[in-house]
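Let's walk through this one together, a question at a time. Have a look at the fold before reading on.

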Amino acid sequence: MSTTMPTELAVLESQSDDLALLGLLQLVSPALPIGAFAFSQGLESAFELGWVTNEASLGDWLSGVLEDGLTRCELPVLVRLQRAWVKGDASALSEWDAWLCANRETAELAAEDARLGASLKRLLESLELLPSEPELPAGTGYVTVFAWTAQMRGVSIRQTLLGFAWTWLENQLAVACKALPLGHTSAQRLVERLRPQLVAAVDKALALDDDDLGPVLPGLALASALHETQYSRLFRS
């Protein structure tokens with residue numbers, strides 16, 4: 001018979017929630033040494049082409065990428081990946097990781113996912129946190145490794161999706177501050193504009209069936225493809 005008192009259980013649960021939150025904050029921090037700052041996901045090319053020129057047009061671009069990209073691709077797949085990690089379902093992990101790879105429409109977008117995945121995997125290895133079963137095979141993409149790290153930290157699926165969406169937005173705004181340029185106050189106005197959309201994106205992603213998945217981002221794909229031969233650039237993608 002357990003002798004743990006209700007108040008002690010509440011404290012333990014609170015501490016577990018706190019550790020999960022801190023683990024998520026560590027995972028989505030710009031200070032995480034995986035090199036995410038080096039990628040613009042086609043945004044730098046959109047600046048060069050004149051598609052995005054100011055705060056308003058940047059907000060429209062980001063809103064579109066969130067609605068037609070993350071909401072239909074990375075976020076719902078994160079749900080499936082984290083559940084697969086919980087179950088130890090290697091087949092599902094491999095299937096969804098391959099699905100994500102197949103939906104990277106340019107060499108730069110594919111390389112970004114692979115490089116960030118490899119970097120996060122090396123970091124986990126150096127921290128002695130790599131999973132033993134099922135193992136992470138060579139070439140596992142960033143989203144799949146992100147899902148493992150969140151699961152290992154005890155982060156709920158919904159919070160994992162919010163964290164992933166947040167780190168995407170923060171990185172895109174950092175790109176704009178360097179290359180548009182965008183002032184930091186303007187960036188914070190965009191955060192205020194897009195925060196409710198991040199929550200709505202997570203709600204929608206959690207409700208999508210498998211047959212509903214798939215990004216619809218021809219503009220981003222074109223921008224990314226043109227970025228490969230852009231004359232002058234700051235970012236890898």
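**Talking through the predicted model**

Q: Which residues of α6 are exposed, on the other side of the helix from its buried ones?
A: This is a predicted model, and exposed here means over 50% relative accessible area. On the other side of α6 from the buried residues, the exposed ones are Ala107, Arg122, Glu125 and Ser126.

Q: What arc do the buried residues of α6 cover around the axis?
A: The buried set in α6 is Glu108, Leu109, Glu112, Asp113, Leu116, Gly117, Ser119, Leu120, Leu123 and Leu124. They sit on the same side of α6, because the arc they cover around the axis is only 165 degrees. As background, an α-helix has 3.6 residues a turn, so residues three or four places apart point the same way. The arc asked for, then, is 165 degrees.

Q: How far apart are the end C-alpha atoms of helix α6?
A: Helix α6 covers residues 107-126, which is 20 residues. At 1.5 Å a residue, the expected span is 28 Å, and the model agrees, with its end C-alpha atoms apart by 28 Å.

Q: Which residue with a positive phi follows α6?
A: Look just past the end of α6 for a phi near 60 degrees. The residue with that positive value is Glu128.

Q: Is Leu21 buried, partly exposed or exposed?
A: Leu21 lies in helix α1, residues 6-28. Together with Leu19, Leu22 and Leu25, Leu21 makes a nonpolar surface patch of about 410 Å². Its relative accessible area is 47%, and the exposed class needs over 50%. So Leu21 counts as partly exposed.

Q: Is Tyr231 buried or exposed?
A: Tyr231 is found in the segment after α10 (218-227). Its relative accessibility is 84%, and the cut-off is over 50%, so Tyr231 counts as exposed.

Q: What separates the C-alpha atoms of Tyr231 and Leu81?
A: Along the chain, Tyr231 and Leu81 are 150 residues apart. In space, their C-alpha atoms are separated by 38 Å.

Q: How many helices does the chain have?
A: Reading along the sequence gives the pattern α-α-α-α-α-α-α-α-α-α. There are 0 strands, and the helices come to 10.

Q: What is the radius of gyration of the chain?
A: The C-alpha trace spans about 70 × 40 × 35 Å along its principal axes, and buried residues make up 46% of the 237 residues. For a compact globule with 237 residues, a value near 18 Å would be expected. The chain agrees with that, at 19 Å.

Technical notes: Residues are numbered from 1 along each chain as its sequence is written. This is a predicted model: local features need pLDDT of at least 70, side-chain atom pairs count only at pLDDT 80 or more; totals for chains, interfaces and linings use all residues. Side-chain values use heavy atoms; hydrogens and water are left out. Helices (H or I, at least four residues) and strands (E, at least two) are DSSP runs, numbered from the N terminus. The expected span of a helix is 1.5 Å times one less than its number of residues. Buried means under 20% relative accessible area, exposed over 50%, partly exposed in between (1.4 Å probe, protein chains only). The arc is that of the directions from the helix axis to the C-beta atoms. Patches are made of residues with over 30% relative accessible area and no salt bridge: like charges are joined within 9 Å, nonpolar side chains (Val, Leu, Ile, Met, Phe, Trp, Tyr) within 5 Å. Accessible areas come from the Shrake-Rupley method with a 1.4 Å probe; for residues, only the protein chains shown count as cover. A salt bridge is a side-chain nitrogen of Lys or Arg within 4 Å of a carboxyl oxygen of Asp or Glu. The radius of gyration is taken over C-alpha atoms; the globule rule is 2.2 Å times the number of residues to the power 0.38.
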